[in-house]
Every structure is written in C-alpha cells, then in structure tokens.
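Visitor: I'd like a close look at one helix and how it sits in the assembly. Please take me through the details, with the cut-offs spelled out.

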4 protein chains.
Amino acid sequence: MIKIKHKSTINEDLGFGKNPTQNNQRLLNKDGSSNIKRKGLPFFKPHEAYNSLIFMSWTRFWITISISYIGINIFFAFIYYSLGMEHLNGSVSTEPFKKFLDAFFFSAQTIATVGYGHLSPNGFLTNIVAAFESFLGLLTFALATGLLYGRFSRPNAKIIYSENILVAPYLEGKAYMFRFANLRSNQLIELHVEVLLSINVGEGEKATRRFVPLKLERNTINLLTLSWTVVHPLDEESILYNLSAKELIDGDAEFIIMLKAFDDAFSQTVHSRNSYKANEVVFDAKFEKIINTDKDGIAEIDLAKISDYQVI
Amino acid sequence: MIKIKHKSTINEDLGFGKNPTQNNQRLLNKDGSSNIKRKGLPFFKPHEAYNSLIFMSWTRFWITISISYIGINIFFAFIYYSLGMEHLNGSVSTEPFKKFLDAFFFSAQTIATVGYGHLSPNGFLTNIVAAFESFLGLLTFALATGLLYGRFSRPNAKIIYSENILVAPYLEGKAYMFRFANLRSNQLIELHVEVLLSINVGEGEKATRRFVPLKLERNTINLLTLSWTVVHPLDEESILYNLSAKELIDGDAEFIIMLKAFDDAFSQTVHSRNSYKANEVVFDAKFEKIINTDKDGIAEIDLAKISDYQVI
Amino acid sequence: MIKIKHKSTINEDLGFGKNPTQNNQRLLNKDGSSNIKRKGLPFFKPHEAYNSLIFMSWTRFWITISISYIGINIFFAFIYYSLGMEHLNGSVSTEPFKKFLDAFFFSAQTIATVGYGHLSPNGFLTNIVAAFESFLGLLTFALATGLLYGRFSRPNAKIIYSENILVAPYLEGKAYMFRFANLRSNQLIELHVEVLLSINVGEGEKATRRFVPLKLERNTINLLTLSWTVVHPLDEESILYNLSAKELIDGDAEFIIMLKAFDDAFSQTVHSRNSYKANEVVFDAKFEKIINTDKDGIAEIDLAKISDYQVI
Amino acid sequence: MIKIKHKSTINEDLGFGKNPTQNNQRLLNKDGSSNIKRKGLPFFKPHEAYNSLIFMSWTRFWITISISYIGINIFFAFIYYSLGMEHLNGSVSTEPFKKFLDAFFFSAQTIATVGYGHLSPNGFLTNIVAAFESFLGLLTFALATGLLYGRFSRPNAKIIYSENILVAPYLEGKAYMFRFANLRSNQLIELHVEVLLSINVGEGEKATRRFVPLKLERNTINLLTLSWTVVHPLDEESILYNLSAKELIDGDAEFIIMLKAFDDAFSQTVHSRNSYKANEVVFDAKFEKIINTDKDGIAEIDLAKISDYQVI
C-alpha cells in the first residue's frame with residue numbers, strides 16, 4: 001500500500017477519470033493512443049471518415065481506394081451496358097461479357113478523363129452519364145489524392161523512446177530515467193515533457209487511482225539534436241522515494257509520458273505520448289553512451305542503441 | 001431581482017456588449033454560433049464566398065457545384081452553337097436541339113479534359129474557345145475539389161454535451177454540473193473550459209445584462225479520453241448560491257460554455273461553444289454513470305448515455 | 001513640444017527603429033502594411049514568387065496566369081512547328097500561319113491533357129515533346145490551381161474600423177475611442193488589441209520619435225459578435241491628457257492599432273493592423289448607436305454605420 | 001581558461017548535451033541545421049520521404065520526379081510491349097525499338113490522361129493495365145504536384161543576418177551586436193530572439209562545454225519593418241565582460257541565435273537559427289547606417305549593406 005505524501009501534488013487529472021479500478025490495464029498504449037473502449041456512437045459516422053482514412057494503414061488505404069475505383073467503374077459499366085452498347089461508338093464486341101468489359105473500360109477511360117476516343121458515347125442518356133461520370137471522377141480523384149497527400153504530409157513526431165525506464169545513479173543519489181530521440185532528421189524545437197505516475201493507492205474496496213506529476217530535473221529543452229535523457233531525481237519529496245519494484249507492480253504503476261514540440265519542417269506543434277508499466281522499470285542500471293565522435297571529430301549519435309543499458 | 005455580490009468578477013465581456021436588453025433571446029445557439037443579425041453589409045461579398053462554401057450543408061454544396069457545372073456547360077454550348085456547328089468535327093445531328101446537345105457534350109468533354117475526340121474543334125474561334133474552356137475547366141475544377149477536400153478535412157471538434165446542466169450533490173454541498181465527451185475517436189489534449197453566466201440584474205428600465213465567469217473545480221485537463229464532468233461548486237462566493245429555478249428564469253439566465261482543445265489528429269487548436277438556458281437547468285439530479293468495465297476488464301464509455309440523469 | 005511623463009512606458013519598440021525623423025509620413029498604411037521602401041534586394045527573388053502571387057490583386061493574378069498559359073503554348077507551338085507539321089497527324093492546313101495555329105491548338109490540347117486526338121503526334125521528337133508538355137502541364141496547372149485555392153482560402157481578418165478616432169465623453173471624463181467590427185460572418189474569438197501612439201518629442205534637431213503604448217479600458221474580449229469600441233481613458237497618467245488637436249498635429253501623432261484574434265472558421269490566428277493620423281482624430285464627438293433590436297426583438301448590428309458619429 | 005561567474009545562468013540546455021568535447025566543431029550550421037551525424041537509423045525510412053522531397057534542392061527535386069516519370073513510363077511500356085503490340089490500336093511500327101517507342105508514348109499519354117486516341121488499347125489485359133496506369137497516374141501526379149506546391153508555399157523565414165557579430169560602443173560602455181532583416185516583403189510580427197553562448201570552460205581533461213544565455217537589451221519587437229540590431233550589453237554581469245578575442249577562440253566560443261516570429265502572410269509561426277563562431281567576432285567596430293530617407297522623405301532600408309561595418 002502506498003502513502004501519498006504530498007497531497008498538493010495529486011490534483012492533476014489526465015482525463016482518465018478518478019477511478020478506473022481494473023488492475024493491469026494499460027491506460028496509454030505504446031503508440032500514444034488511449035486504451036479505452038467507446039460505445040453508444042451513432043452507427044453512421046461521417047465525421048470519422050476523414051480521420052479513419054488518414055490514420056488507417058497504407059495497406060488498408062490502398063485496398064480501400066482501389067476497391068472504390070473498381071466498384072465505381074463496375075457501377076457505371078452496368079449503367080452504360082443497360083443503356084445499350086449501340087450508344088458506345090467503337091464497341092464491336094458481340095458476347096455479353098465482352099460488351100460489359102467494353103463498358104467497363106469506357107467507364108475507366110471516362111472517370112480518369114483519359115478519353116482515348118476509340119470508345120465514345122452517343123445518344124442523349126449515355127452522353128449525360130459520361131458527362132456526369134467525368135465530373136464525378138474529377139471530384140473523387142481529387143478527394144483521393146488530397147487524402148493521399150494528407151497522409152504523406154501529416155505532421156507527426158517520430159520519436160523513439162528507450163524500451164525501459166531505469167532507476168540509475170544520479171549525483172549522490174538515484175533517479176528514474178528514460179531517454180528518447182527524434183527518428184526524423186528534421187529539427188524539433190521548444191520541447192516540453194511531462195511525466196505522470198498513475199498508481200493505485202489504498203487496498204481492496206478503498207483503492208483509488210491517483211495521477212501524480214513527477215518533478216523533473218528539467219522540463220524543456222530548446223532543440224533536440226541528440227537524445228534527451230529525462231530525469232526524475234529520487235529525493236525525499238518524490239512519491240517514488242524508497243518504493244520497491246514489488247510495490248510498483250502491486251500498485252499497478254504506469255508512467256505516462258507527454259511530449260510536446262514544435263516541428264521546424266512542418267511549422268506546427270507536434271505531440272508524442274508514451275507509457276511505461278511497472279514491469280518495464282529496471283532497477284540499478286544505467287544507459288549506454290550513444291554519442292561518440294567519429295574519426296573526423298564530428299559528434300555522432302547511434303539511434304540503434306537508444307534502449308541499451310548496463311546493469312550495475 | 002439578483003444582487004451581484006462580487007463586483008470584481010463581473011468585468012468579463014464576452015463580446016455581446018453590455019446591454020442586450022431583450023429577454024428570452026438565446027445569445028449563443030446550441031451549435032456555438034451567435035444569435036445576432038447583421039445588416040449594412042455590402043451586397044456583393046467576395047470575402048464570404050469561401051466561408052459560405054465551406055460551411056454550407058453538404059446538400060447545398062453539391063447542388064451549388066452541380067448547377068455551376070451544368071450552367072457553365074450550357075454557356076459554352078451556346079457559344080459553340082453560335083460559332084457554327086460545322087466547326088465541330090463529328091457532329092452529324094441535323095435538328096437544332098440535337099445540335100445544341102452535341103455542343104453541350106463537347107463542352108462537357110472539354111471542360112473535364114476527357115476529350116474523346118469523336119467531337120473535335122476546327123476553325124480558329126472554336127479552337128480558341130475550346131482551349132480557353134479546358135484552361136478554365138482545370139482551374140475551376142481544382143477550386144471545386146479544393147473546397148471539397150477543405151470541407152472534408154476541416155478540423156472541428158465534435159463534442160457532445162449533456163442536454164441539461166444539473167444541480168447535483170457535490171462533497172458536502174451542491175454544484176452545477178454538465179458533462180461532455182468527444183464524439184470523434186481522435187485525441188483531444190490540453191483542454192480548457194470556461195463557463196460564463198449571462199443574467200439580467202435589476203428590474204424594468206434599470207435592468208442590465210451581466211456576464212459572470214463561474215469558478216470551476218478545475219478548468220483544464222490534459223487528455224479527454226472518457227467524458228469530462230465540469231463542476232461549479234455552490235459555495236457562498238458563487239453568484240448562484242441559493243438562487244432558485246424561478247430566479248434563474250426571471251433573470252433570463254444563460255450558461256455560456258467555451259471549450260478549447262488541441263486536436264492531435266489535425267495538429268490544430270479547435271474550439272467548441274455551447275449554452276444552457278434557465279429552462280435547461282435540472283435541480284436535484286445527478287448524472288448516470290457512463291463508464292463501465294466490460295467482461296475483459298477494459299474500461300468502456302457509453303456515449304449514448306451522456307445526457308442521462310436521475311432525479312434524487 | 002510634448003513632455004513624456006512616464007518614462008517607464010516608452011520602451012516599447014514597434015520595429016520602426018527609434019528615429020524615423022521625417023514628418024508627415026504614415027508609418028503604417030490603412031491596410032496594415034508598412035510604409036517603408038526597401039532596396040539592396042537581389043534582382044531575382046524566387047522567395048518572393050509565392051508571396052506576390054498570393055497577395056497580388058485578382059485582376060493581376062488572372063492576367064499573369066493567362067499570359068503564362070498563352071506564352072507556354074506559343075513556345076511549344078513553335079517547337080512543334082519547327083519539328084515539322086508532317087509529324088502532327090490530322091493537320092491539313094497548308095498556309096504557314098494556319099499550320100502554326102494547328103500546332104498551337106495541339107499544344108493547348110496537350111498541356112490541358114484534353115487530347116481530342118483529331119490532332120496527334122507521330123515521330124520520335126514530336127512524341128517526346130508532347131509527352132514532356134503533358135508532364136509539365138499537369139505540374140504547372142497544379143501549381144496554378146494551388147495558388148488559386150491558396151488565394152481563395154487564405155485566412156485573413158476582414159475588419160472594418162471606424163474612419164476616425166474620437167475624443168468622447170467617458171464616465172466622468174473623456175476618452176479616446178475607435179470601434180471596429182468583423183465584416184465576415186465567421187466567429188473571431190480571443191481578441192487582443194494593442195494601441196501605440198507614435199509621436200515626435202522635443203523640437204528641431206533634438207526631436208526623436210517615441211512609441212507609447214496606450215492603456216486601454218480592456219485589452220481582450222472573448223468573442224466578437226457585435227462591434228467592439230476600444231477605449232483609452234484620458235486620466236492624468238495618459239500622455240494624451242490635455243493634449244490639444246494642434247499639439248497632436250505638431251507632434252505628427254499616429255495611433256497604431258494591432259489586433260490579434262483566433263478565426264474559428266480557419267482554426268488559425270489572424271492579425272489586423274490599422275493606424276489613425278492626427279488629422280483623423282475628432283474631438284468632442286461620440287459614436288452613433290449601431291446595435292438595435294428588430295421587430296422580433298432580435299439584436300441586430302448595422303455595419304454600415306460603423307464610422308457614424310455625432311459632434312457634441 | 002574561463003571562469004563562469006553566475007552559476008544560475010548556466011543551466012540552459014540547447015539539446016546538444018553537456019559535453020561535446022571536440023573543439024572547432026560548429027554546433028549549428030549557418031543555415032540553422034545542426035552539425036551532428038546520426039547513425040543506427042533503419043535503412044528504409046518512409047517517414048523521411050516527405051521531409052527529403054520537401055527540403056531537397058530544386059535541381060534534385062526536378063531530377064527526381066523527371067526520372068520517376070520516365071522510369072514509370074518505361075516500366076509500363078515494357079508491359080504493353082510484352083502483352084503484344086497487336087493490342088495497341090494505331091501502332092503501325094514494325095521494328096522492335098519503334099514498337100517499344102509506341103508503347104512508351106502510349107504509356108505517357110495514358111499516365112498523364114491525355115489520351116489522344118491515335119493509340120488505344122484493345123484486349124482485356126492491355127485495357128486493364130491502361131485503366132490501372134491512368135488510376136495510378138492521377139494519384140502519383142497529384143502527389144508530385146502536392147509536393148511541388150508544398151515546396152513552393154512552405155512558410156519559412158528568409159532572414160539575412162550580418163556576417164559578423166561586433167563589439168561596438170553602446171551607451172557609456174560596449175556591447176556585442178549583430179543585426180538582421182527580413183529578405184521577404186511580408187510582415188514578421190511578434191519577434192522573439194534568444195542568444196546563447198556555447199563555450200568550453202576549464203582545460204584539458206576537465207573541460208566541459210557550457211551554454212550561457214546572454215542577456216539582451218530587448219528580446220522582442222512587435223513588427224520587423226526595418227532591420228533589428230540585437231544588443232548584448234557588456235556589463236559586469238556578462239560572462240563576456242573583459243573577455244579577449246584570444247580567449248573566445250581558445251574557448252571555441254559559438255554564439256547561437258534563435259529567432260521566432262509570426263509570419264503574417266502565411267499566418268504561421270516561423271523560426272530562424274544562426275550562429276557566429278569566435279573568428280566571426282569583430283572587436284571595436286560599428287555597423288554602417290542602412291536606413292535613409294529618399295528624396296521624397298520616405299524611410300528606406302538598404303538590405304545590401306546589412307553586414308557593412310566600420311572599424312573604430
């Protein structure tokens with residue numbers, strides 16, 4: 001059981017509410033998303049369309065738009081076919097399926113505005129449908145490509161965090177430490193980090209979940225060019241002072257990391273979140289050095305070693 | 001009649017001016033827009049074009065651009081027709097209306113840059129017009145699709161608020177409470193909320209409208225993953241202390257909610273506004289619980305119950 | 001000659017430097033741009049291209065891109081013509097000028113990717129040039145339309161200011177006042193205004209230009225739904241206390257207005273600047289009322305009266 | 001050897017870490033990028049694609065997309081050729097290479113959606129490939145043009161700094177000074193500058209690198225219309241007080257400049273960084289005047305003279 005010593009520090013609310021009572025649930029996933037289920041949403045969610053198209057995986061994205069493209073063409077092919085193939089100049093096929101294929105290819109040439117012309121519409125209705133299809137094609141292709149570019153150019157921080165949070169020697173005492181670096185080569189400036197400890201306090205029925213902000217050696221740096229080791233010194237004021245690994249696990253502790261920075265390439269503020277559960281804490285270890293100077297004397301950082309540590 | 005007790009708290013100006021004297025007028029609509037008429041504007045408002053095209057309903061948007069598309073094509077069809085149908089290779093129609101249709105379809109194939117070629121221009125003027133139309137077509141289609149994407153990708157908060165503001169038990173006393181949640185699945189971070197009470201003070205000729213900021217239990221949370229219940233405790237310092245439902249209605253009270261957050265998906269600040277009128281206040285009730293754990297022990301929020309309360 | 005009373009308030013630097021000595025020059029134009037000439041710039045300014053294309057007038061913009069379009073087509077027509085018209089299938093003209101026109105129209109159909117096909121390339125070089133032109137066409141049209149959309153969707157505040165700054169009655173004394181409103185129907189929130197007085201202090205050789213921030217009744221409002229009358233009360237602490245119209249003109253006074261707000265429609269911060277010269281100050285006048293209630297009791301603002309005042 | 005006098009001022013971390021020990025290495029390049037090598041990155045870096053395409057030189061950008069365009073067309077030409085040239089209507093070439101060229105030009109006309117139609121697909125496979133190619137073409141061209149526009153419209157400050165930092169007369173004493181101006185004609189507002197001195201303190205094995213923020217006469221200006229001379233007065237509190245040129249060079253001093261401003265044209269925050277090494281410090285010199293009034297009495301700034309100084 002953990003005694004909170006400084007009541008004044010426990011009034012920070014991370015938006016998870018005050019008593020998510022279930023143990024061993026990670027509040028924040030490693031990718032920074034929250035681990036909460038949502039229900040009661042309307043079945044049809046137009047306001048989610050953009051979000052989901054922007055955030056789905058590339059594989060799903062390509063499958064989605066390819067299927068849409070084929071589907072729309074089949075739909076229009078069916079219309080052209082129904083209106084009569086005699087209204088498609090240049091279609092000389094005689095079998096029904098081949099006729100349908102002609103209609104399908106005419107649709108594809110129309111929606112992408114290629115319009116070779118070896119197939120061309122005649123008659124009022126076929127012409128109207130073709131005109132509408134090219135109109136629609138321009139708009140939907142623009143939407144698809146807008147999404148494509150939106151996905152490609154989305155400002156997001158690619159931060160790699162060390163896999164563990166260490167309890168390492170620090171000055172005369174010890175400190176909790178983790179480190180991170182920017183995987184992208186662009187500049188992150190005006191970085192600000194906050195660390196909260198989420199931990200169950202009390203036992204059984206009376207257990208409540210508390211969110212305690214941890215005091216850091218420093219909260220901000222101007223420019224992230226190398227890696228940044230974030231340090232929470234273990235002094236008497238710290239809630240973690242003298243807390244054992246077992247107590248962390250019993251309290252179902254989770255360290256929640258919230259990072260904010262300005263991305264110089266995109267001229268926008270970016271955020272990154274991460275969390276460490278109690279079993280990701282390594283006691284009495286220290287990080288390996290990742291900054292060296294190469295043979296020309298230039299400082300060099302080895303990002304592959306970001307998680308490397310040695311037990312001491 | 002209401003006595004304002006703390007003069008120092010009433011100098012907040014919401015931009016509605018100091019004496020909108022008319023009773024029962026909602027200052028802020030439920031969608032966050034203001035309920036004020038504007039006149040004296042210039043008749044032709046080019047600076048509004050973008051705004052109105054972005055904010056009109058989807059139905060109106062599609063009607064607007066479809067009619068524009070048809071209108072432009074009729075306009076160009078008329079020009080081609082006037083220049084002489086002998087300048088359109090491939091047009092073999094003989095009736096005037098069918099000729100006009102040929103010109104219309106040629107225009108549609110040109111403006112969307114399909115250019116099948118079974119219809120093609122000859123002669124100086126028809127060629128020039130066709131070249132100009134394809135030039136114009138590319139630019140206007142790009143504008144239309146830009147608008148389409150702009151509408152689709154516009155960062156806006158989709159917040160659902162409880163329908164009522166409750167006077168509920170809170171610690172040893174009572175408090176005004178409402179709650180809200182994020183309808184979108186994206187993350188809202190660094191939320192900041194302000195609540196102002198707009199109320200008529202004094203009577204008859206001397207009545208003036210005051211805007212009083214209400215002191216909240218907390219104004220900010222870091223992350224909105226569940227719902228947030230905003231709480232104004234009813235202590236002696238509150239202007240609402242001991243104010244009855246009738247006094248609220250007599251004073252034509254309106255609670256104005258202003259919410260600001262950072263949208264992690266769009267990397268932009270979003271705002272949401274809402275208001276509660278006196279008749280939307282429910283005394284002596286409390287909100288139903290909307291957070292549960294499912295059978296796997298995962299926290300779960302039921303957004304359909306956001307407005308549910310029980311009278312006590 | 002003006003005596004500055006409160007030295008502590010004069011250390012605000014607006015970026016105009018400390019002694020722009022020339023009298024009667026307006027530092028800030030009415031549209032918010034600065035009235036300073038710049039020379040020594042490199043002749044070729046690629047970094048200005050975007051800016052100037054975004055900020056030039058619509059007339060100039062359309063002329064610029066139309067001329068570019070015609071110019072590029074003439075350029076390519078010349079190449080096709082030089083390569084030999086026998087390489088353009090479908091060109092049956094015999095006169096040189098008509099041949100050139102065929103080449104021109106072929107170019108236009110290629111660059112806009114219409115490609116009717118009644119004119120089509122044959123031979124290696126003509127094909128290569130046509131392939132290159134369509135490639136270039138897609139890219140440059142996209143740039144042009146990007147600019148078009150960028151111009152159309154640029155977030156900018158359309159603020160109308162009163163034409164004059166008044167010295168009007170205020171509480172028991174007087175105050176400098178001007179007012180402004182939002183010409184657009186979108187919401188401006190979190191408005192912040194600063195007013196600086198730029199005035200020559202001392203005489204002849206010793207004259208220096210000072211920038212004095214004026215203390216306002218309020219600097220911020222939450223929401224601009226009606227108009228906002230900005231008020232600088234004339235108390236003993238004000239540098240303008242007891243200053244006559246003649247002294248203002250002798251000191252070549254200029255009131256510099258800097259307004260900042262968050263535009264809810266564009267989710268971006270917008271700025272507006274304005275200035276009033278000494279001859280735009282009207283003493284002993286007050287603004288006409290512009291807010292009324294219509295017959296249904298709805299508050300209504302008449303933006304056409306924003307500058308109306310009555311002498312008292 | 002340098003003695004740091006005010007320990008309280010040395011706890012600023014620029015993100016370069018505390019002991020990059022190698023002398024004579026510039027931490028910050030003149031273009032604001034950091035001079036650190038990074039290794040251990042994954043070989044395939046999709047998250048870098050956008051960044052590198054946006055930040056590469058225009059020459060490299062054009063070469064990259066031109067080669068991609070040619071490469072894709074060769075790839076598709078090969079497919080069409082393999083599927084049999086009898087499936088390309090209109091191809092009458094007999095030699096293999098000329099046949100391949102026909103396939104190449106057909107591909108180019110398809111991917112750019114020109115589709116003249118003198119070459120057109122027949123047969124199932126060729127039609128399918130052509131439909132896919134036009135689909136792909138629309139998407140990749142949109143991506144390329146999005147990048148083109150992204151490069152063109154990227155908000156970035158074009159600041160020209162004086163080449164040297166001077167030790168110039170200031171009031172009764174001396175001060176370090178450099179100046180800069182905006183090369184673009186757009187308005188920069190709300191400028192904020194910070195200057196840090198990076199210097200080796202101590203000798204040999206014990207040398208550590210310190211980052212000392214320098215106190216400036218002013219850190220912010222409202223509007224950059226002329227140039228801004230940033231001034232660090234040399235008073236007794238300054239770490240640079242009485243420090244000689246030799247000591248600067250021995251300590252491998254570097255002045256790191258970090259500038260932040262709001263760009264009114266782009267409605268976005270922009271940043272600029274610069275650095276001066278010890279050998280770019282000029283003692284006992286002052287900047288030439290760059291602001292004059294022209295014959296009409298209008299203030300005028302000569303940006304070509306931004307680095308000009310005279311020794312005194």
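Guide: Here is the helix, then the contact it takes part in, and then the wider setting.

This is a predicted model, where local features need pLDDT (the predictor's confidence in each residue, from 0 to 100) of at least 70 and side-chain atom pairs count only at pLDDT 80 or more, while totals for chains, interfaces and linings use all residues. Residues are numbered from 1 along each chain as its sequence is written, chains are lettered from A and ligands numbered from 1 in the order in which they are written.

Our part is helix 3 of chain B, residues 96–111. Helices here are DSSP runs (H or I, at least four residues), strands are E runs of at least two, and both are numbered from the N terminus. With 16 residues at 1.5 Å a residue (the expected span is 1.5 Å times one less than the number of residues), helix 3 of chain B should span 22 Å, and its end C-alpha atoms are indeed 22 Å apart, so the two agree. Just after helix 3 of chain B comes B:Thr113, with a positive phi near 55 degrees.

Now the packing. The buried residues of helix 3 of chain B are B:Asp102, B:Ala103, B:Phe104, B:Phe105, B:Phe106, B:Ser107, B:Ala108, B:Gln109, B:Thr110 and B:Ile111. Buried means 20 or more other C-beta atoms within 10 Å of a residue's own (exposed is 12 or fewer, partly exposed in between; C-beta atoms are placed from the backbone). Within chain B, these residues pack against helix 2 (58–83), strand 2 (88–89) and helix 4 (124–153), and across the chain boundary they pack against helix 4 (124–153) of chain A.

That brings us to the contact between the chains, which takes 48 residues from chain B and 44 residues from chain A; two residues count as in contact if their C-beta atoms, placed from the backbone, lie within 7 Å. On chain B's side, two or more residues each come from helix 3, helix 4, strand 9 (220–224), strand 15 (291–293) and strand 16 (299–302). Helix 4 of chain B gives the largest share of that side, seven residues.

How do the copies relate? Chain B can be laid on chain A by a turn of 90 degrees and a shift of 0.0 Å along the axis, with an RMSD of 0.1 Å, using least squares on the C-alpha atoms of residues with pLDDT of at least 70 in both. Only 6% of the interface residues of chain B are also interface residues in chain A, so the copies meet through different surfaces. Chain A goes onto chain D by a rotation of 90 degrees with 0.0 Å of shift and an RMSD of 0.1 Å, so these two are related as by a four-fold rotation axis.

For chain A, an unreviewed UniProt entry puts "domain: Potassium channel" at residues 74–148 and "transmembrane region" at 61–83 and 128–149; such annotations may be inferred rather than shown by experiment. Both transmembrane spans of chain A are 100% helix, with end C-alpha atoms 33 Å apart for 61–83 and 31 Å apart for 128–149.

As for confidence, chain A averages a pLDDT of 82, and 86% of the residues score at least 70. The complex gets an ipTM of 0.71 and a pTM of 0.77 from the predictor.
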